[in-house]
Amino acid sequence: MYEKDGEKYFVVDSHMHYWNAAPDNWVKGAEQYAKGWIECFHAYQGLGPPETHWSIEHFQKYSEDDLMKDVFEDGYVDVAVFQPTYLKEWYSEGFNTTERNAEMGKRHPGKFIYNTRFDPRDGDPGLEELKKNVETYGSKGVKLYTAEWNNGSRGYKLSDPGAYRFLEAAQNLGIKNIHVHKGPTIWPLDKDAFDVSDIDHCATDFPDLNFIVEHVGLPRIEDFCFMATQEPNVYAGLSVVIGGLMYARPKFFARVMGELLFWVGEDKMTFGSDYGIWEPKWQIEGFVDWDYPSDEFSDFPRVNTDTKKKILGLNAAKLYDIEVPAEFQLKNGGTPGAQEVLGQPADAHVATGA
Amino acid sequence: MTVSATSGSRSAGPGGAAGPPGPARVLAALETVRDPELDEPVTSLGFVASCTVTPDGDAQVRLRLPTYFCAPNFAFLMVADAYDAVSATPGVRRAEIVLEDHFASDAINGGVAARAGFAQSFDGEAVGELHELRADFLRKAVMAGTDQVCRPLLAAGTDPASLPGMTLGEVPPSAALQRLRERRAELGLPAGDDAWLLIDPKTGEPVRPDSLRMHLGRARLTRTSLEANGSICRGMLEHRYDNTAGLGHKPQAEEDQ
């Protein structure tokens, strides 16, 4: 819970991690990838305020106590959604598995939601594992990493028939939310690795699933926005947007937020700290204080307290059926929009100055 | 023996004379090489780590990228384009381009050196060359450039409704306009004075008044995406290389937006 100027914000961190990327977890022969991956993540942390930077050693492996302090005690978060990332080709026990998250989370009841994952290239054993994870951990969401390396393959598309089979299975098991991350090594390499058109197909073909595109499809924000404006069940996950731009590049942050509010809309945007890349504290404080820096942004939709309440927690609470006490609800009787604005183009209520 | 370029301090060498060029002239050639995704020269982005030329005319350029996992297709294009640009510099006998600190460094460096093409360099992982990918990103550059040209016009009081009737020749000259013309020409789209200012970058057809608002909205969005992406890449590069400037590096001023 965060309180500022008499307003109370219920905070759902809808995208965060508990990883082990220390050398004790590197796969022999793949050390350069394991090292390169975590160093790449660490460079992202460099975009946050200097006083929040960690040493690479701490960044490779932080403890349960670190997480509980950074996210809940200092970080205002009420409920956090663990998003696993396996990367078992590089990390022996996986980078950040469902099991690892749940083993830690069991000591902190009510604080965490355990998303799981699948990889369509795993075939029938993968379907079994998905079923087991949903039953064991009560997962309502999955995190998919389409660029993950798997047994010689450098990635897949969500529109592949194999992926559809898994999406159907997930839906039958009660999964509602599909968080998707795009990365740079999808096969084949001669295509645009970050292309989001596969999500466009799935979102149309699975209208009862929500597709939360993490990092708003960065670096393809334009393709993502244009898709999201047409697909009512596509959401913008703000991890990286707030963490990577708000402090380091405030004017770009204002422009990106303006575009997202215009094309996607405040009812379909969700906060995620991407912890341990960035701590939630400065992101939440900064976002609640944030407004457009000047008149040159007058073309974009306005932001107010309700906008921030929705983005910081109410939208994700709705996606995950999290009960939110009355004191945090919108004052004017409005409700968060998630899945209730179906079919409403995000820009229906704004006029562009263009 | 080699001589190293240090940011702009060395002369280009005697113009037109036989013999090897100075590193500054090789660097000038590299200014024509762009990151196809960010539509900016590899020099100003800070991607050129070093540039040396031996007295015999053997040039070596070392390139660096913001992350170990930057997309290998774009990396390949930059290394291949740098090879072509440096090889074409008068007086260069042999060009070597080395991409540093990247998961696919060996495949890319070896493939470009052997003139193998992309598909052969990544045998089994790619089925074609990168022309279509490059064209896709040039079209994005045209959209972003459209915003860069139109925004000042609108700020100066031009009626948005008049834009579909304007030609490139009617727009006051600017660096942004010149760049838009060049990108359009590269795609084979009309770029002369009598060409329409607003065109569909895929078909070259003029934008009709009823799709004006959407076209300008997409142009603005594409520019935002491209520039925000560039700003993240720059931030990562600075962090990765501890703020050491590349040759020809120009920090991005947020004020320039």
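Where do chain A and chain B meet, and how many residues does each bring to the contact? Chain B contributes 41 residues and chain A contributes 37 residues. Keep in mind as you look around that this is a predicted model. The points below start from that contact, then turn to chain B, the nonpolar core and the confidence of chain A.

**The side of chain B that touches chain A**
- Four helices of chain B each supply at least two residues to this side: helix 2 (72-87), helix 4 (118-121), helix 5 (131-155) and helix 7 (212-240).
- Helix 7 of chain B gives the most, with 18 residues.
- Sorted by class, this side of chain B holds 19 nonpolar, 12 polar and 10 charged residues.

**How chain B is built**
- Chain B has seven helices and six strands.
- If you follow chain B along its sequence, you meet them in the order β-α-β-β-β-β-α-β-α-α-α-α-α.
- Along the principal axes, the C-alpha atoms of chain B fill a box of roughly 60 × 45 × 35 Å.
- Why does the radius of gyration of chain B agree with that of a compact globule? A compact globule of 257 residues would have a value near 18 Å, and chain B has 20 Å, so the two agree.
- Of the 257 residues in chain B, 47% are buried.
- Take the contacts in chain B with a separation of 6 or more: 65% of them join residues 24 or more positions apart.

**The largest nonpolar core**
- A useful background idea is that nonpolar side chains tend to be buried together in soluble globular proteins.
- Here, the largest nonpolar core has 167 residues.
- Those with the most contacts inside this core are A:Val213, B:Leu30, B:Ala75, B:Val79, B:Ala82 and B:Val86.
- Within chain B, helix 2 gives the most to this core, with 11 residues.
- Domain 1 (3-121) and domain 2 (131-240) of chain B each provide at least three residues to this core.
- Which residues does A:Val213 touch, leaving aside those up to four places away in sequence? A:Val213 touches A:Val180, A:Val196, A:Ile199, A:Phe224, A:Val234, A:Tyr235, A:Ala236 and A:Gly237.

**How confident the prediction is for chain A**
- Chain A has a mean pLDDT of 91, and 93% of its residues reach 70 or more.
- Residues 339-354 of chain A have a pLDDT below 50, although this stretch has 29 contacts in the model beyond near neighbours in sequence.
- Where pLDDT is low, the predicted coordinates should not be read in detail.

Key:
Residues numbered from 1 in each chain as written. Chains lettered and ligands numbered in written order. Predicted model: local features only at pLDDT ≥ 70, side-chain atom pairs only at ≥ 80, totals over all residues. Contact = placed C-beta atoms within 7 Å. Nonpolar A, V, L, I, M, F, W, Y, C, P; charged D, E, K, R; others polar. Rg over C-alpha atoms; globule rule 2.2 N^0.38 Å. Buried ≥ 20, exposed ≤ 12 C-beta atoms within 10 Å, placed from the backbone. Core = buried A, V, L, I, M, F, W, Y, C linked by C-beta atoms within 7 Å. Domains from an automatic or database assignment. pLDDT = per-residue confidence, 0-100.
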